[in-house]
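Dear colleague,

Please find below the structure I am passing on to you. A summary of what was found in it follows.

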Amino acid sequence: MESVLIVTPVTALEFLGEDYLLAGDGPVLSVYNLKTSPTTSALLSVLQNFRIHGIRPHQQQGDKAEHTSVAKKEEEEPQGLSWQQRAHLVVFGGKAVRLVELKMGELPSLQPLGPLIQLRDWVLDVHWLDVRGDLLGVTLAHNATLLLDVQKGSTLALCSCEDGCLLYSALLVGPCWKSLVVVGGTIFNQLVLWRPGEGTEKEGGRNMVGRVERRLLGHSGVIFSLAYLPKPGWLASASDDRSVRVWDVGALGGEAGCGAPSPTCLRVLYGHQARVFSVKLSSAGAFSAGEDGVCLAWDWDSGKVTRALRGHRAGGVRALAVSLGGAGGGGYVATGGTDGGIRLWSLKEEDSGLEDAGVLRDLGFEGVGCPKVVRVTGGRGLRQRGVVITTDQGEVYSWEEQRGWQLLWKGGAGFCSYNVMEVLEWWSGDEMCAVGSLSGEVWLFPLSQPSAGIRLKAGTGKIHSVLWVHPTGGRGGYLLASGAEGVVYRWQIDTELVGGAVVLNTEPLGPFILPPCAKRWLTTAVLISRPEGALWVCGDRRGSLLLYRDKAEEAKADGALQPMSVLFGVHGKQGVTCVCEHAGLIYSTGRDGCVRVSRLDASALEVLRVQRACRGMEWLERIMVLDPEVNPVEGEHGERHAGEVRLILGFHSVYFVVWDLVRQERLLSVPCGGGHRSWSYWLPQSPGADGAGTVVFVKHGAVMASRAPEETFHQQGGWELKEGIHGRGVTCVCHLGAVRVARQHWEILATGGEDTTLTVLTIDPRSRALRVLALITDHISSIRALAVVRRPGAREANDTKPLLSVLLFSAGGRAQLQCYRLLIGANGQLGLPSCQVIQVASHRLDEQWERRRNRHKTVKMDPETRYMSLAVVSDGTEGVLLAAACSDGALRLFSLTETSGRFQLLWETFYHQRCVLSVATYLLKDPQGCQRLFLFSAATDGVIAVWDTNTVRNLENGPSSDTCWKDPPSPCLTFPAHQSGVNTLAVWEGHWDDQGLSQAGGHWMTVASGGDDGQLSAVCIQVQFHSKEVEGSGLTLNLYARSVEPLAHSAPLTALIPLGPRLLISASPDQRISLWDRRGSSLRHQGVLFSHVADIAGLTAWQGEERQTWVAVCGQGLQLLRLEAEGDGK
């Protein structure tokens, strides 16, 4: 077995000058080139079975003169380090240290310099002690420091502290062993400073003992990280108590020794919501990162947060590195998360905006009346764009940075106290403005020539809304005005120049009639061109989606158009806020907090998926599609992403929020006061514009604008050097299939995690590239099990046949079961796979209980029922049968048909009377050729039960019928397999190659199981059919040979997969992947591979190209293994 790809928490980051970033991911050392587009330049597995926790670069001889003190060294190095073409790195983690050489250039490479050095204790910090690069100071976890010759791998000196307690962190400061200072963060929440070079010998031994010279008290939790800034003599400590403390310790190392006699605490920095894992100091300030997933930048003078960098999924930031910048200033911050991702942020002065744009700008409205409606128009960037508003006096004003406020248009008395306005950017570069009144009047005029306006009439009642719709690829536009009694008046607008003046041409079209309801006006619309005629998808204030066909014979007639299809109240009672079309699909948002993806047929709308954008964000206003030609979003290798539905605009409490759907992070948050106000948002269109865009809104009669950071959009969330997957543990993994795109082979996987997300991944085993295709956030609790049915769907989106179509089932906490249709296609622009997610069905056991009135007065019997395991029973034309193992002691059977779009509970049994951990199925043909389906279930008592489904169903009815399944009888066979819970089951046909079993005849099944006792068990079951067979009866199951491997793993066995007719692979939280041979009457151990994925929870295996078998292991990360076939010499 060979490890091909590993995604685990990033535990070490270090900058090499300003051009390279070094990262430790498990045992693998990675180098990222920052000179051009951020990309991985080199990879090397360094520490074998240890995880990298630190990287320390060393300058080569000739780069610098001798250093007489650490303070002098630190003062000279930060500004533009001149690294040579080769750099020596010492990499450490666990109990190991190794020297590595990095050769830089166009094609950087990594090469180990000598063997792995294993020490007797955990290594906390390593420090170079001489210019030649031979001697290292190494601090161990039990408060001891040794002098190590890294070239020879020998220990020259060892000194232990008299305070021999356990350390959680350590820092070494000093130019040589004699003046070296150790700063240790003890388990007793203290900081101790001592010098190993000043230790005294123990009696009768060569080991030294050093005394504690300084002791710093103040933290109420253990210390996870330490940092020292020599110039002011400040020491920072990050703790479990959620704080960062800055101490004035003076100069450390050299002649200064342990610094000031009485160090004082200068500041206590509180800003994190959880434990603080890492801290760094620089001349620009302090930087800290913690379990809350945020990297905070602190100001030295005020002690306040100046920047909050968010980019990782739930789970926290484990690694932090700060680059101080070269001669041009600037610098970077790099963060590594538990999701396996790496982010990079710029520290330039113009990029110092806050995530929460707390600084707002009052545009100082100077006109008559109170602003009612505000819109952003023209230009690029807030300094070049303008703002247009209407007031309660019926006047329209414009604002520009250089000219201030100017009156553009003044309406009559009908526009006072009430008016609505909308602005459209015209094809000629001008903006067209439409203003509606209380009496049915609509004034239309270009902002450049308000005097060229015309008056339109939309009935005699109140104009509830005016909307502009721009035709794709055409000139002009359509104006829609919602009048009284649900009538939507329409005009086609175009312009021409006559003698230098703008002339407006209007052509009335047939009006739309909205369905009768209380709130009967239009809120959004989109035009979709089709060969058979134009289609309009509209949303109204009642929350309904409407479909109209604009027939050619009716477009210019007076007859009104009725909707062809109505999804009444699909977005709740608060209204639809936005509708847009992308890639043949309709995306809509509403004030119910959901994004709905619909498919447009010739005569109907069909909802494919409902997705909640962000938890707690109930008021969604707009969904935005990023066009790569207009809004360039660079990927990992500098390529531009194809246009995609990316941003959600809405309100979270009193904040206006811009939410990234792909990265699942907040890009902008502006305190505006809430959603009941007029607002307008602009997204930057080119590099150099405002990073997260600009929002302008009306608050307390004032026009306010946010000051967004001036950086390109893709830099707002940082460069994504490496994509992460799950912020917490990955509980299950499933192989969906393989596709070939642009002559490149991609494997498609699905993973579920404790962070409640379901992720669809694609992996290229050759280049070791990993991409996230889809992120599904519909689960409300952790996902425990996945199952897949590989079959084409009844219909494919956009009449385009996908490369791969599967049904994916996911289940987990709160007894929640989901089903999705995944359509894997090809992205022609990037040459990568793409994924379309269609939500087929959803089910919860307590749905009926949730609908009860006065349910707070009743006791819910089992509120925490969880699905522990899933197995596909059958996949027929009538539907899919699914078996589920449940924590409430039940074994349940569900049916699903895509046409009905719902799960149906067919059968359940509480035979086990305790938590059912695993379930498996097996299909066997009897002598008459009929299929006999067996269910295998196992619980926490170590007993495996075998069920013959023919005895619990009525074959006269269909498998999905309510009357098909009878009351549950007893299982046809039970047997104890383990001393405790059975976590995994594997069933296959046949028996061991044993002569006695072959002579017994009959049909054979082999059941392998792994349990909490670490035991691997395999049992052969003989199936004998009686001569007189009557429907569903007449068979006997007999236990024959049994093989037990009591010490298969040193921890609970959590995953078991058969590989072909003889091989079996098992996994356990002991981080061993074991291969077993089933030849003969026993299980034989064939090989083992140590995995750097901690807490292994599941695995999957599949046959790939060129006789290669692939194995994916999940836990605290994901690892892809390759198993070579026999005959390849491995």
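**Findings**

The accessible surface of the chain is about 45400 Å², and carbon and sulfur atoms account for 46% of this area. Please note that the model is predicted. Of the 1130 residues in the chain, 59% are buried. The secondary structure consists of 5 helices and 87 strands. Among contacts with a separation of 6 or more, 51% are between residues 24 or more positions apart.

In soluble globular proteins, nonpolar side chains tend to be buried together. Here, the largest nonpolar core contains 25 residues, and L736, I748, V760, L822 and C835 have the most contacts inside it. Several strands give two or more residues to this core, including β61 (730-741), β62 (744-753), β63 (758-764) and β68 (832-844). The greatest contribution comes from β61, with 5 residues. Beyond its neighbours within four places in sequence, L822 is in contact with L736, V760, L804, S805, V806, L808, C835, Q836 and V837.

As to internal voids, a search of the whole structure gives 5 cavities of 30 Å³ or more. The second largest cavity has a volume of about 100 Å³. Its lining comprises 13 residues, with G311, R313, R343, E720 and G724 nearest the centre. Two elements, β31 (342-346) and β60 (719-722), each supply two or more residues to that lining. By character, the lining residues of the second largest cavity comprise 7 charged, 4 polar and 2 nonpolar.

With kind regards

Conventions. Residues numbered from 1 in each chain as written. Predicted model: local features only at pLDDT ≥ 70, side-chain atom pairs only at ≥ 80, totals over all residues. Heavy atoms only, no water. 1 Å grid on protein atoms, 1.4 Å probe; cavity = no way out; pocket = protein on both sides within 12 Å on 5 of 7 lines; lining within 4 Å. Points joined across faces, edges and corners; volume = space filled by probe spheres on them. Helix = DSSP H or I, 4+ residues; strand = E, 2+ residues; numbered from the N terminus. Nonpolar A, V, L, I, M, F, W, Y, C, P; charged D, E, K, R; others polar. Buried < 20%, exposed > 50% of the residue type's maximum accessible area, 1.4 Å probe, protein only. Contact = heavy atoms within 4.5 Å. Areas by Shrake-Rupley, 256 points an atom, 1.4 Å probe, with all protein chains shown as cover. Core = buried A, V, L, I, M, F, W, Y, C linked by side-chain atoms within 4.5 Å.
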